[in-house]
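Colleague: Please take a close look at one part of this model for me, and walk me through it in one go.

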Amino acid sequence: MLEENKNMDKMEKIMSLCKRRGFVFQGSEIYGGLAGAYDFGPIGVELLNNIKKFWWEEVVQKRTDYYGLDSALFKFPKVWEASGHTTGFSDPMAECKNCNTRIRVDKELEKIGVGADEKMSEKEINQLFFDNLDKIKCPKCGKTDFTEAKKFNLLIKSNYGDFTGKDLDPVYLPGEACQGIYLNYKNVVDSMHPKMPFGIAQIGKTFRNEISPRNFLFRCREFEQADTQYFVRPNENIERYEEIRQERWQWYLDLGLSEKNLRWKQHENLVFYAKDAWDIEYNYPTYGFDEMEGVHDRTDYDLTQHSKFSGVDLSFNEDGHKFIPWILETSMGVGRVFLAVLSEAYNIEKVDGEERVVMKFPKKLAPIKVAFLPLSKKEELTLPTKKLFDQLKDKFMCQYDETQSIGKRYRRQDEIGTPYCVTFDFESLEDQAVTVRERDTMQQERIKIDELETYLIEKLK
Ligand code: GAP
């Protein structure tokens, strides 16, 4: 089989597993689905929370120079003018005249090695587009017959507090999560009295009217960003930027992604606010290497803009010396990391001539840590198994499951990546011991019930 076909199979299989086992569902599925919106199911939400928890622990909990935040989604309309999003945040779109498929012209140009700067006017983009038209085909019908490119702003409007129905001064949904950090920078300084340099971290929802949402969780219209903004003295950005880049690289290794699937990519065409920008890319099945996190040197752009537009002095006072801090940003797409974790964990093995799908999540990320399985539905087995579940449910995320054969239940737990299955059988009534099955090796061990808690705590460390 071709390497490409193998990979395509893998992403399709991951998507099918996501639905089958309750990781991710298409948004509004019973109405036919809403493009670019996904819902995380009972198993997926546990994985998502574990990824975010690991990020929060490393970025906020273990640091003395970072502060956490959770700001409101809706913001004063001028925020998006100050940030540059109402004017500078747009993608060039063209439509195939044959089948009406929409394409992002800058992305199509990028594929053939032509860089389209986002500062370019519509006229300049169209010049590049039509100069290279012979190399660009419609991804759906393969024809080369497009409309001119038009720039579309990505901000999504709401009618928040607007009872006029005239859409005069729209309150936008956040086009990037970090703006909430800039708006609260002064509040954090005044309440926490940090010393320079320091950071503020936040996980928040982001909304973008993407022209063509695609590739499952990769390009959505609603998604989550985990951001840090590190405030430094003017011109003290370069050394700290390097340190931050290294910290973020190490975070992905500690998360459990393999280094061979990670790489750095420096931006050639910088977005309107950045002085330097690097992406951490992951090698996704089917899609190949693509952006998972952006690390940006934003200089004093953001606080200068918000000072100007709000009229509030946002300079930092250090021993009588006042300055506008420069900002180093890390912005991770939580859904994209979720997809990378799924891709990394997905394994197919042959066991006794049959396929075993097993998600080899690192234990800290596993949605369910321990499954409790009575061998049969007879009360003499279900009651003591439920008792074990009750004893351990405070310690880890556990699941109790008595439906179908034990073999099918093991396979189900393998597919959601549960590191340990505890089976209570008829012998358990005699010897006061249970069988503990390990996910990756499938090895089974008999453990005394009164030693089970210590055993599992040790194993799940
Ligand atoms: N505040 C900076 C910022 O928003 P960005 O590079 O536009 O920078 C940061 O976004 C991260 O958000 C990206 O690296 C990516 O992981 C994620 N992201 C961006 N657009 C996305 C989309 N349409 N769907 C899912 N994730 C997206």
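Modeller: Let's come in through the helix packing and then go to the ligand. Helix 7 and helix 9 are roughly perpendicular to each other (angles of 65 to 115 degrees; under 35 is roughly parallel, over 145 roughly antiparallel, the rest oblique). This is a predicted model, so local features need pLDDT of at least 70 and side-chain atom pairs 80 or more, while totals for chains, interfaces and linings use all residues. Residues are numbered from 1 along each chain as its sequence is written, and side-chain values use heavy atoms, without hydrogens or water.

Back to that pair: helix 7 covers residues 179–192 and helix 9 residues 301–310, and the two pack at about 65° with their axes 10 Å apart. (Axes are lines fitted to C-alpha atoms over the stretch in contact, with angles from 0 to 180 degrees between N-to-C directions; helices, H or I with at least four residues, and strands, E with at least two, are DSSP runs numbered from the N terminus.)

Follow the chain on from helix 7 and you reach P197, in the loop before strand 9 (198–207). The peptide bond from M196 to P197 is cis, with omega near -5°. Further along, the loop between strand 9 and strand 10 holds F216, which isn't a glycine yet has a positive phi of about 55°. Both are worth a glance, since most residues other than glycine have a negative phi and most peptide bonds are trans.

Now the ligand. It has 21 residues around it, and E176, R208, E291, M292 and E329 are the closest (to count, a residue needs a heavy atom within 4 Å). For polar contacts with the ligand, look for N or O pairs within 3.5 Å. The side chain of Q225 puts a polar atom 3.0 Å from a ligand oxygen. M292 uses a backbone N or O atom instead, 2.8 Å from an oxygen of the ligand. At E329, a side-chain N or O atom sits 2.8 Å from a ligand nitrogen. On its own the ligand has 550 Å² of accessible area, and the protein covers 93% of that (Shrake-Rupley, 1.4 Å probe). Strand 10 (222–232), strand 13 (288–299) and strand 16 (326–333) are the elements that each give two or more residues to the shell. Strand 13 has the largest share, with six residues.

Key. Polar contact = N/O pair within 3.5 Å; in protein donor to acceptor, adjacent residues only side chain to side chain.
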